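I am opening a fresh notebook page for this structure. My plan is to look things up one at a time and write down what I find.

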Amino acid sequence: LKANDVENMDGKLVELIDGMARTIHNTYSAIGLAAPQIGESLRLSVIDLSMGENKDDLLVLINPEILESDGNEVGDEGCLSFPGITMSVNRAAKIFLKNFDLNGKEIRKEIDGFLARVIQHEMDHLDGTLIIDRVSALKRQFVKKEIKRLQKNGEW
Ligand code: ZN
């Protein structure tokens, strides 16, 4: 399910972004949260690789688009939608990102490394794709079993 474009860069949006930033800062080892994860169908995500340590590290994705991508890299990813579970996911190594700031100004930037991975992960959420959709059927089965086990123990 595709989330809707952000139309209004208003006070309500700023409040939502603040709330999302607080959520990741208050959640152990969380580095990103997409609006659809909290029931808001918006192409919006908040990323902070510093986990609240560095204010300048807060990256807000508003109607992001990947214009170009290059290379491939497999790496471990976790997700607030799958607490305590990591999965190896194949992503583009480098992306050319189109994004908007809170003033509606378009920003284009080349990004690589871990941040490129996190952005692709967050953008998946905007299209209703989860990491479990990006792993092999075998791994998916294993993860589902693991979730069942954690649920049984009341850890999920
Ligand atoms: Zn996620």
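**Entry 1: an aromatic pair**

I started with F82, which counts as buried at 7% relative accessibility. The model is a predicted one, and I keep that in mind throughout. Next I looked up aromatic pairs. My search of the whole structure gave one. F82 and W156 make up this pair, and its geometry is tilted. I noted 6.4 Å from centre to centre and 40° between the planes. The two partners come from distant parts of the chain, 74 residues apart. F82 sits in strand β6, while W156 belongs to the segment after α3. I then looked up the accessibility of W156. Its relative accessible area is 35%, so W156 is partly exposed.

**Entry 2: helix α3**

The segment with W156 follows α3, and I turned to that helix. Helix α3 covers residues 137–152, 16 residues in total. I noted 23 Å from its first C-alpha to its last. That is close to the 22 Å expected at 1.5 Å a residue.

Which residues of α3 are buried? I found V143, I147 and L150. Looking down the axis of α3, I saw its buried residues fall within an arc of 65°, so they line one face of the helix. Part of what covers these buried residues is β6, residues 82–91. On the other side of α3 I listed exposed residues. Among them are four lysines: K144, K145, K148 and K152. A137, L138, Q141 and F142 are exposed there too. After the helix comes G154, with a positive phi near 70°.

**Entry 3: the zinc ion**

What coordinates the zinc ion? I wrote down C79 through SG, and H121 and H125 through NE2. The distances run from 2.0 to 2.2 Å. Along the sequence, the spacing of these donor residues reads C-x41-H-x3-H. C79 and H121 link distant parts of the chain, 42 residues apart. C79 lies in strand β5, residues 73–79. H121 lies in helix α2, residues 113–126.

Then I asked whether C79 is buried or exposed. At 11% relative accessibility, C79 counts as buried, because the cut-off for buried is under 20%. H121 is buried too, with a relative accessible area of 8%.

**Entry 4: helix α2**

H121 led me to α2. This helix has 14 residues and reaches 21 Å from first C-alpha to last. The expected value at 1.5 Å a residue is 20 Å, which is close.

How many of the 14 residues of α2 are buried? I read off eleven, and the helix is mostly covered. The buried residues include A116, R117 and V118. The zinc donors H121 and H125 are also on the buried list. So are the charged residues E122 and D124. Just after α2, G128 takes a positive phi of about 75°.

**Entry 5: A116 in α2**

I picked out one residue of this helix, A116. Its relative accessible area is 0%, and A116 is buried. Which residues does A116 contact, leaving aside neighbours within four places in sequence? I found A93, I95 and I111. I also looked up the spacing of A116 and A93. In sequence they are 23 residues apart. In space their C-alpha atoms are 6.9 Å apart.

**Entry 6: strands β4, β7 and β8**

Last, I looked at the strands. β7 spans residues 94–100 and β8 spans residues 106–112. How many bridges pair them? I noted seven, in the antiparallel sense. K94 has D112 in β8 as its bridge partner. Five residues lie between the strands of this hairpin. There, G104 takes a positive phi near 80°.

β7 also pairs with β4, residues 65–70. Five bridges join these two strands, which run antiparallel. Here D70 has K94 in β7 as its bridge partner. K94 thus appears in my notes with D112 and with D70.

Why do I call β7 largely enclosed by the rest of the structure? Five of its seven residues are buried.

Conventions:
Residues are numbered from 1 along each chain as its sequence is written. This is a predicted model: local features need pLDDT of at least 70, side-chain atom pairs count only at pLDDT 80 or more; totals for chains, interfaces and linings use all residues. Side-chain values use heavy atoms; hydrogens and water are left out. Donors are N, O and S atoms within 2.8 Å of the metal (3.2 Å for Na, K and Ca); water is not among the atoms, so sites may look incomplete. Buried means under 20% relative accessible area, exposed over 50%, partly exposed in between (1.4 Å probe, protein chains only). The expected span of a helix is 1.5 Å times one less than its number of residues. The arc is that of the directions from the helix axis to the C-beta atoms. Contact means heavy atoms within 4.5 Å. Two strands pair if DSSP finds at least two bridges between them. Rings of Phe, Tyr and Trp (its six-membered ring) pair if their centres lie within 6.5 Å; planes under 30 degrees apart count as stacked, over 60 as edge-to-face and the rest as tilted.
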